[in-house]
Amino acid sequence: MKKYILVFTILLIILSGCNRNAAEMITDGKVIINKEDSTVTFKGMLTDRNLDADTPFQARFFLQGGTIRNALGKDLIYTDKELKSDSDLKKSEEYEVETTIELKQPDKIDELIKAIKDKDEKVVTIEVINDNGRLDDKVIHKVEEK
């Protein structure tokens, strides 16, 4: 009996990890830091290829860690667009989402860039959501400086 419980538990753990990012909607993302204007632009490229027709969704950027939260004064940034997957399931659409935020602490730009690029940290995560919850997420480490 213990053997069956152990096998069942292992199988359950394996299967629960298989559904992660099932929608696979995020194809790319980056953070653009404009030093002259003291702004940060969050940008993402999304696809609807794995969604049902006419499914609404929206992108947001989740910020973790004191450096970025203090520099921007926020921890969650929504894009202003609510999107809807294509009604023709034979073709997938690509969507570009972006939003720009003014830096509250421009003197922290270099520290911010370093934190985002650090592969061991999850400073910026793009999330795709709708009324049913989170459809996909991806940590962004790509930074472009202007």
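Start with F42, which in this predicted model touches a long list of residues even when those up to four places away in sequence are left out. Going along the chain, its contacts are K30, V31, F61, L63, I68, L72, I77, V97, E98, T99, I101 and V124. That fits with what the core looks like: the largest nonpolar core has 33 residues, and F42, L46 and V124 are the ones touching the most other members. As for who supplies that core, helix α3 (residues 109–117) gives the most, with 5 residues.

Two of F42's contacts, F61 and V124, take us to the sheet. Let's pick up strand β3, which covers residues 56–63. Is this strand enclosed or open to the outside? Of its 8 residues, 6 are buried, so β3 is largely enclosed by the rest of the structure.

Now look at what flanks it. On β4 (residues 76–84), 6 bridges join the strand to β3, and the two run antiparallel. You can follow the pairing by eye: P56 stands opposite K84, and Q58 stands opposite E82. Strand β6 (residues 124–130) is also antiparallel to β3 and is joined to it by 6 bridges. Here F61 stands opposite I126.

Step back and you get an open sheet of 4 strands, ordered β4-β3-β6-β7, with antiparallel pairing. The edges are β4 and β7 (133–140); each has a single partner strand, so one side of each is left without a neighbour in the sheet. From one strand to the next, the twist averages 20°.

Definitions and conventions: Residues numbered from 1 in each chain as written. Predicted model: local features only at pLDDT ≥ 70, side-chain atom pairs only at ≥ 80, totals over all residues. Heavy atoms only, no water. Core = buried A, V, L, I, M, F, W, Y, C linked by side-chain atoms within 4.5 Å. Buried < 20%, exposed > 50% of the residue type's maximum accessible area, 1.4 Å probe, protein only. Contact = heavy atoms within 4.5 Å. Pairing = 2+ DSSP bridges. Axes fitted to C-alpha atoms, helices over the stretch in contact; angles between N-to-C directions.
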